[in-house]
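Student: I've got a chain loaded in the viewer and would like to talk it through. Can we go step by step?

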Amino acid sequence: MRTIQQELKKWMKVNKVQQRQNKRKKARKKKRGKERLTERDIKELMGVGRPVYRRSKGGAFRQR
């Protein structure tokens, strides 16, 4: 017992039919360049130096 693919290959050989070429190519992922951040930029992203608010007595927000 042969598989359908084997039978198809055999039939194509007998009937002299050319096999289709797979024209699709795999899409490559674009590589991102490494982003250079200064220490200042990193601190800004982390939120260093921003005002900090906390709840105090009575539930009011106060700057700490």
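Student: Which helix does Leu 45 lie in?

Tutor: Keep in mind that we're looking at a predicted model. Following the chain from the N terminus, the elements run α-α-β-β. Leu 45 falls within residues 39-46, and that stretch is helix H2.

Student: Okay, and is Leu 45 buried or exposed?

Tutor: The cut-off for exposed is over 50% relative accessible area. Leu 45 has 67%, so this leucine counts as exposed.

Student: How many of the eight residues of H2 are buried?

Tutor: To count as buried, a residue has to be under 20% relative accessible area. H2 lies largely in the open. Among its residues, Glu 39 is exposed at 58%, and Lys 43 is partly exposed at 42%. The number buried in H2 is zero.

Student: Which residues form the nonpolar patch on the surface?

Tutor: Leu 45 is one of them. Together the members of the patch have about 520 Å² of accessible area. The full set is Leu 37, Ile 42, Leu 45, Met 46 and Val 48.

Student: Back to the charged side chains: which residue does Lys 43 form a salt bridge with?

Tutor: Side chains of opposite charge can pair when their charged atoms come close. The partner sits four residues away in helix H2, so the two are separated by about one helical turn. The closest N and O atoms are 3.6 Å apart, inside the 4 Å cut-off, and the partner is Glu 39.

Student: What is the count of salt bridges, then?

Tutor: There's plenty of charge to look at: the chain has 25 positive and 5 negative side chains. The centres of those two sets lie 11 Å apart. Still, the salt-bridge count comes to one.

Student: Which residue follows H2, and what is its phi?

Tutor: H2 ends at residue 46, so the place to look is position 47. The phi there is positive, and the residue is Gly 47, near 90°.

Student: Zooming out, what is the radius of gyration of the chain?

Tutor: The chain has two helices and two strands. For 64 residues the globule rule gives 11 Å, and the chain is well over that, so it's more spread out than a compact globule. Its C-alpha atoms fill a box of roughly 90 × 35 × 15 Å along the principal axes. The radius of gyration is 33 Å.

Student: And what share of the 64 residues is buried?

Tutor: The chain exposes about 8,300 Å², with carbon and sulfur atoms supplying 50% of that. As for buried residues, their share of the chain is 2%.

Definitions and conventions:
Residues numbered from 1 in each chain as written. Predicted model: local features only at pLDDT ≥ 70, side-chain atom pairs only at ≥ 80, totals over all residues. Heavy atoms only, no water. Patch = residues over 30% accessible without salt bridge, like charges linked within 9 Å, V, L, I, M, F, W, Y side chains within 5 Å. Areas by Shrake-Rupley, 256 points an atom, 1.4 Å probe, with all protein chains shown as cover. Buried < 20%, exposed > 50% of the residue type's maximum accessible area, 1.4 Å probe, protein only. Rg over C-alpha atoms; globule rule 2.2 N^0.38 Å. Lys, Arg positive; Asp, Glu negative; His and termini not counted. Charge placed at Lys NZ, Arg CZ, Asp CG, Glu CD.
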